Amino acid sequence: MSSNTDVSLSSYDEDQGSKLIRKAKEAPFVPIGMAGFAAIVAYGLYRLKSRGDTKMSVHLIHMRVAAQGFVVGAMTLGMGYSLYREFWAKPKPKK
């Protein structure tokens, strides 16, 4: 039995903060989507007391749709940004 001792454990050496920063640099719209989602949920909870005569279920549905819309928008922008970086921002190799 041979064991592969050349396996790099560098991904296990980094702490959570540096891993989050590295991932945020690779895909910057993921933390933006998470922050927007959290902000919309917090705003919805804040507005819960002063919703007027709106039913609770309608209020919750509106907040869910707003939060999902923000996350889907951030994902769409992130995909567009990734496509731009991958295909248009790269210099073409000279032949």
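Contact means heavy atoms within 4.5 Å. The model used in these exercises is predicted.

**Exercise 1. The fold**

Task: State how many helices and strands the chain has, and in what order its elements run.

Solution.
- Step 1. Count the elements: there are 4 helices and 0 strands.
- Step 2. Read from the N terminus: the order is α-α-α-α.
- Step 3. Add burial. The chain has 95 residues, and 8% of them count as buried.

**Exercise 2. The surroundings of His 59**

Task: Decide whether His 59 is buried or exposed, and find which residues it contacts beyond four places in sequence.

Solution.
- Step 1. Locate the residue. His 59 sits in helix H4.
- Step 2. Apply the cut-off. Buried means under 20% relative accessible area. His 59 has 9% relative accessibility, so it counts as buried.
- Step 3. List the contacts. Neighbours within four places in sequence are set aside; His 59 then touches Gly 44, Arg 47, Leu 48, Arg 51 and Thr 54.
- Step 4. Look for a polar partner. A polar atom of the His 59 side chain lies 3.2 Å from the backbone oxygen of Gly 44. Gly 44 is also on the contact list of His 59.

**Exercise 3. Pairing H4 with H3**

Task: For Val 71 and Ala 38, give the exposure class and a C-alpha distance to a residue far along the chain.

Solution.
- Step 1. Start with Val 71, which is placed in helix H4. Its relative accessibility is 25%, so Val 71 counts as partly exposed.
- Step 2. Find its partners. With neighbours within four places left out, Val 71 is in contact with Gly 33 and Phe 37.
- Step 3. Take the distance. Val 71 and Gly 36 are 35 residues apart in sequence, yet their C-alpha atoms are 7.3 Å apart.
- Step 4. Turn to Ala 38, found in helix H3. At 44% relative accessibility, Ala 38 is partly exposed.
- Step 5. Take its distance. Ala 38 and Ala 67 are 29 residues apart along the chain, with 8.1 Å between their C-alpha atoms.

**Exercise 4. Tyr 81 and Phe 29**

Task: Establish how exposed Tyr 81 is and which residues it contacts outside its sequence neighbourhood.

Solution.
- Step 1. Tyr 81 belongs to helix H4.
- Step 2. Its relative accessible area is 33%, so Tyr 81 is partly exposed.
- Step 3. Leave out neighbours within four places in sequence. Tyr 81 is then in contact with Pro 28 and Phe 29.
- Step 4. Check the C-alpha distance. Tyr 81 and Phe 29 are 8.8 Å apart in space and 52 residues apart in sequence.

**Exercise 5. The largest pocket**

Task: Describe the volume, the lining and the make-up of the largest pocket.

Solution.
- Step 1. Volume: the largest pocket holds about 170 Å³ of space.
- Step 2. Lining: 14 residues line the pocket, and those nearest its centre are Phe 29, Val 30, Ala 74, Met 75 and Gly 78.
- Step 3. Helices: H3 (29–46) and H4 (56–88) each supply at least two lining residues. H4 gives the most, with 7 residues.
- Step 4. Chemistry: the lining splits into 10 nonpolar, 3 polar and 1 charged.
- Step 5. Domains: domain 1 (1–52) and domain 2 (54–94) each contribute at least three residues to the lining.
- Step 6. Link back. Phe 29, one of the residues nearest the pocket centre, is also a contact of Tyr 81.

Terms used. Residues numbered from 1 in each chain as written. Predicted model: local features only at pLDDT ≥ 70, side-chain atom pairs only at ≥ 80, totals over all residues. Heavy atoms only, no water. 1 Å grid on protein atoms, 1.4 Å probe; cavity = no way out; pocket = protein on both sides within 12 Å on 5 of 7 lines; lining within 4 Å. Points joined across faces, edges and corners; volume = space filled by probe spheres on them. Nonpolar A, V, L, I, M, F, W, Y, C, P; charged D, E, K, R; others polar. Domains from an automatic or database assignment. Buried < 20%, exposed > 50% of the residue type's maximum accessible area, 1.4 Å probe, protein only. Polar contact = N/O pair within 3.5 Å; in protein donor to acceptor, adjacent residues only side chain to side chain.
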